[in-house]
There are 2 protein chains.
Amino acid sequence: MQTIDNEAVQGAFRALADPTRRSILQLLAEDEMTIAEVSGHFDMTRAAVKKHLTILQEGELISVVPAGRERINRLEPMALKRVSDWLNYFNNFWDQKLSALQKAVDEEQSRKSIKRPSGTPSKEG
Amino acid sequence: MQTIDNEAVQGAFRALADPTRRSILQLLAEDEMTIAEVSGHFDMTRAAVKKHLTILQEGELISVVPAGRERINRLEPMALKRVSDWLNYFNNFWDQKLSALQKAVDEEQSRKSIKRPSGTPSKEG
DNA sequence: TTTAAATGATACCGTTTAGTATCATAAGGA
DNA sequence: TCCTTATGATACTAAACGGTATCATTTAAA
């Protein structure tokens with residue numbers, strides 16, 4: 001079990017665990033916004049949204065750039081890539097299993113078309 | 001903002017937020033195991049590990065199959081794909097932004113090689 | 001300079017979470 | 001049957017979480 005997992009990954013997954021924060025990310029994917037603008041999209045206080053933005057920032061999913069008295073919140077693509085990379089660890093395994101399943105199905109198919117066995121289950125749990 | 005996000009996605013992200021659970025997934029990627037076997041890999045009680053497995057199961061990241069008095073815990077690839085799909089929502093945006101950045105850099109380069117302006121910053125924040 | 005807007009910071013509250021300890025149940029084996 | 005093993009289930013605790021209310025600070029603007 002290698003070190004695919006680290007503090008940055010933890011921060012990102014922690015941030016992604018909350019639906020409001022995922023929603024904020026989707027907002028910011030369309031356009032960067034100030035805190036007030038982001039707040040305008042949610043039924044909660046600005047302080048609550050600000051907390052979410054802080055956690056997103058800690059997870060490096062967004063960057064916050066001061067502009068006068070405002071703070072521009074902007075999506076940080078690389079953090080999402082980190083998560084994507086983490087998931088990729090499993091790609092081998094799941095591709096492998098899916099292709100094994102596919103192969104099993106195929107073989108079952110051809111076996112059917114030759115011998116037509118009767119005890120074949122129609123469904124797999 | 002479309003419906004890329006739903007209960008299944010929430011369940012998966014919730015499950016992924018904990019480092020022990022991510023670690024369990026990596027274990028199960030290598031081999032399916034009983035609850036006792038999974039527990040053997042961690043410094044906490046079997047009950048605690050069992051709770052993690054339940055949350056992983058609720059997020060449909062693993063499936064649990066009874067085998068006699070044991071329960072075989074097995075990775076469920078499709079849930080990880082759900083998360084991957086969610087991340088893909090951002091691919092357009094981040095690819096787009098990265099390529100926009102690349103383009104800006106390229107244009108800056110060619111502008112330099114023609115006019116060689118003096119006020120050009122050497123670094124970009 | 002005075003005022004209003006945008007944000008930062010902190011204290012507080014109810015709920016969820018991660019963990020423990022403990023007891024009950026089910027199934028395999030002597 | 002009796003004992004042991006694998007698991008289920010519940011009550012409990014400390015910490016983290018999501019949210020509110022409130023006050024301080026910074027900056028734009030009249």
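This passage walks through a predicted model, looking at its two DNA strands, a helix packing, a hairpin and one exposed residue.

A good place to begin is DNA strand C. There are 22 residues around this strand, and those that come nearest are A:Thr34, A:Ala36, B:Thr45, B:Ala48 and B:Gly68. Chain A contributes two or more residues from each of helix H3 (35-39), helix H4 (46-58) and strand E3 (70-75), while in chain B helix H4 (46-58) does so. Among these elements, H4(B) gives the most to the surface near DNA strand C, namely 5 residues. In terms of residue class, this surface holds 9 charged, 8 nonpolar and 5 polar residues.

DNA strand D can be read in the same manner. Around DNA strand D there are 20 residues, of which A:Thr45, A:Gly68, A:Arg69, B:Thr34 and B:Ala36 come nearest. Here H4 of chain A gives two or more residues, as do helix H3 (35-39), H4 and strand E3 (70-75) of chain B. The largest share, 4 residues, belongs to H4(A). The surface near DNA strand D is made up of 9 charged, 6 nonpolar and 5 polar residues.

Helix H4 of chain A also has a partner within its own chain. Helix H2 (residues 19-30) of chain A packs with H4(A) at an angle of about 75 degrees, and the two axes are 10 Å apart. Angles of 65 to 115 degrees count as roughly perpendicular, so H2(A) and H4(A) are described as roughly perpendicular to each other. On the H2(A) side, the contact is made by A:Thr20, A:Arg21 and A:Ile24, and on the H4(A) side by A:His52, A:Leu53, A:Ile55 and A:Leu56. By class, this contact has 4 nonpolar, 2 polar and 1 charged residues.

Turning to chain B, strand E2 (residues 62-67) and E3(B) run antiparallel and are joined by 6 bridges. Within this pairing, B:Ala67 stands opposite B:Glu70 of E3(B). The hairpin has 2 residues between its strands, and B:Gly68 adopts a positive phi near 65 degrees there. B:Gly68 has already appeared above, as one of the residues that come nearest to DNA strand C.

Finally, one residue of chain A deserves a look. A:Met78 is found in helix H5 (residues 77-88) of chain A. Is A:Met78 buried or exposed? A:Met78 counts as exposed because it has 12 C-beta neighbours inside 10 Å, and a residue with 12 or fewer is placed in that class. Between A:Met78 and A:Ile62 there is a separation of 16 residues in sequence and of 9.5 Å in space, C-alpha to C-alpha.

Key:
Residues numbered from 1 in each chain as written. Chains lettered and ligands numbered in written order. Predicted model: local features only at pLDDT ≥ 70, side-chain atom pairs only at ≥ 80, totals over all residues. Near = placed C-beta within 6 Å. Nonpolar A, V, L, I, M, F, W, Y, C, P; charged D, E, K, R; others polar. Buried ≥ 20, exposed ≤ 12 C-beta atoms within 10 Å, placed from the backbone. Axes fitted to C-alpha atoms, helices over the stretch in contact; angles between N-to-C directions. Parallel < 35°, antiparallel > 145°, perpendicular 65-115°, else oblique. Contact = placed C-beta atoms within 7 Å. Pairing = 2+ DSSP bridges.
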